[in-house]
Amino acid sequence: MRELLPRLPGVLTGATRPSTPAEACEFAELCGRPFQQRFGAAARLYGEAFAADPRWPRVRSPPTGTRPPAPAARAARGDGNDAPTSPEARAALRGLVREWLGRTGAAAEGRRRAERGRAELAADTLSAWLRESDLSRVRGPLWLAALPADEAGAWVAFWADVRVARTRAPRAGAGPAREMRDGTANGRERRFQHRPERDRFQTR
């Protein structure tokens with residue numbers, strides 16, 4: 001990561017570009033480090049990498065799936081050195097967060113089904129989302145109440161789907177995961193399958 005630092009200014013200004021999607025993700029991770037706090041740039045670089053690499057999130061998502069959505073969520077709430085100020089730009093970032101979480105969750109569910117006896121993969125991903133403080137402003141009822149009604153409704157439905165999907169993939173040998181007390185949402189049983197065109201999981 002340290003070897004990327006000399007090239008970072010050029011990447012931030014657009015004078016140079018990462019050579020591969022994987023390198024773009026490495027630059028994005030660098031931008032999200034505490035000594036950089038360039039969460040807006042991190043979100044942009046992740047977005048460029050994912051647009052170029054359709055295999056994501058299968059090959060780039062960590063086990064808990066909270067990165068890269070986390071820096072995009074932080075930029076959307078105004079954190080960091082390069083957070084956008086316009087409501088439209090922040091709403092666009094929140095849209096990316098929901099899209100990326102959905103894609104990560106769908107990949108985790110696919111791994112759970114493909115790897116017999118590894119139900120904890122999906123459960124850990126979903127439980128991490130419900131604990132992740134960086135996602136609190138797109139999860140807690142007080143924050144959601146400040147969003148446009150249609151966006152808030154999409155988030156409420158999203159988190160309802162997450163909670164139901166988590167109960168369908170219990171962590172092996174463990175009880176229910178502890179959830180941050182920042183809001184609840186109830187919904188009828190849903191299968192965990194993301195619908196990108198609606199930023200939702202498909203109900204069956």
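**Close-up views of the predicted model**

**View 1. The charged end of R139 sits over the ring of W159, 5.9 Å from the ring centre.** The model shown in this and the following views is a predicted one. W159 itself is buried, its relative accessible area being 1%. A second arginine is placed over a tryptophan in this view: R98 lies over the face of W155, at 5.0 Å from the centre of that ring. W155 counts as buried because its relative accessibility is 0%, under the 20% cut-off.

**View 2. W129, W155, F158 and W159 are linked into a cluster by ring pairs.** The structure as a whole holds six aromatic pairs. In one of them, W129 with F158, the ring centres are 6.0 Å apart and the planes stand at 25°, under the 30 degrees that sets the limit for stacking, so this pair is stacked. The two rings come from distant parts of the chain, W129 belonging to helix α6 (residues 120-131) and F158 to helix α8 (residues 149-168), with the two positions 29 residues apart in sequence. W129 is counted as buried because its relative accessibility is 0%, and F158, also with a value of 0%, is likewise counted as buried. The rings of W155 and W159 form a further pair, with centres 6.1 Å apart and planes at 20°, and this pair is therefore stacked as well. W155 and W159 are four residues apart in helix α8, which means that about one helical turn separates them.

**View 3. Helices α2 (residues 21-31) and α3 (residues 39-52) have axes that come within 8 Å and cross at roughly 165°.** Because this angle is over 145 degrees, α2 is described as roughly antiparallel to α3. The crossing in which α2 passes α3 is left-handed. On the side of α2, the contact is made by P21, A24, C25, F27, A28, E29 and C31; on the side of α3, it is made by F39, A41, A42, L45, Y46, A49, F50 and A52.

**View 4. Helix α2 is largely enclosed by the rest of the structure, since eight of its 11 residues are buried.** These buried residues are E23, A24, C25, F27, A28, E29, L30 and C31. They pack against two helices, α1 (8-13) and α3.

**View 5. Q37 lies in the loop between α2 and α3.** The backbone of Q37 has a phi near 50°, which is a positive value in a residue other than glycine. With a relative accessibility of 30%, Q37 falls between the limits for buried and exposed residues and therefore counts as partly exposed.

**View 6. P71, a residue of helix α4 (residues 69-76), touches F39, A42 and Y46, when residues up to four places away in sequence are not counted.** F39, A42 and Y46 are also among the residues of α3 that take part in the contact with α2. The relative accessibility of P71 is 9%, so this proline counts as buried. P71 and D134 are 63 residues apart in sequence, yet their C-alpha atoms are 7.8 Å apart in space.

**View 7. D124 of helix α6 and R166 have C-alpha atoms separated by 8.6 Å, although 42 residues apart along the chain.** Helix α6 is also the element that carries W129 of the aromatic pair with F158. Because its relative accessibility is 22%, D124 counts as partly exposed.

**View 8. The whole chain, given as context for the close-ups, contains eight helices and two strands.** Read along the sequence, these elements follow the pattern α-α-α-α-α-α-α-α-β-β. Of the 204 residues of the chain, 49% count as buried. Among the contacts between residues at least 6 apart in sequence, 62% join residues at least 24 apart.

Methods
Residues are numbered from 1 along each chain as its sequence is written. This is a predicted model: local features need pLDDT of at least 70, side-chain atom pairs count only at pLDDT 80 or more; totals for chains, interfaces and linings use all residues. Side-chain values use heavy atoms; hydrogens and water are left out. Rings of Phe, Tyr and Trp (its six-membered ring) pair if their centres lie within 6.5 Å; planes under 30 degrees apart count as stacked, over 60 as edge-to-face and the rest as tilted. Buried means under 20% relative accessible area, exposed over 50%, partly exposed in between (1.4 Å probe, protein chains only). A charge sits over a ring if NZ of Lys or CZ of Arg is within 6 Å of the ring centre and within 35 degrees of the ring normal. Axes are lines fitted to C-alpha atoms, for helices over the stretch in contact, and angles run from 0 to 180 degrees between N-to-C directions. Angles under 35 degrees count as roughly parallel, over 145 as roughly antiparallel, 65 to 115 as roughly perpendicular and the rest as oblique. A crossing is left-handed if the near helix is turned anticlockwise from the far one by less than a right angle, and right-handed if clockwise. Contact means heavy atoms within 4.5 Å.
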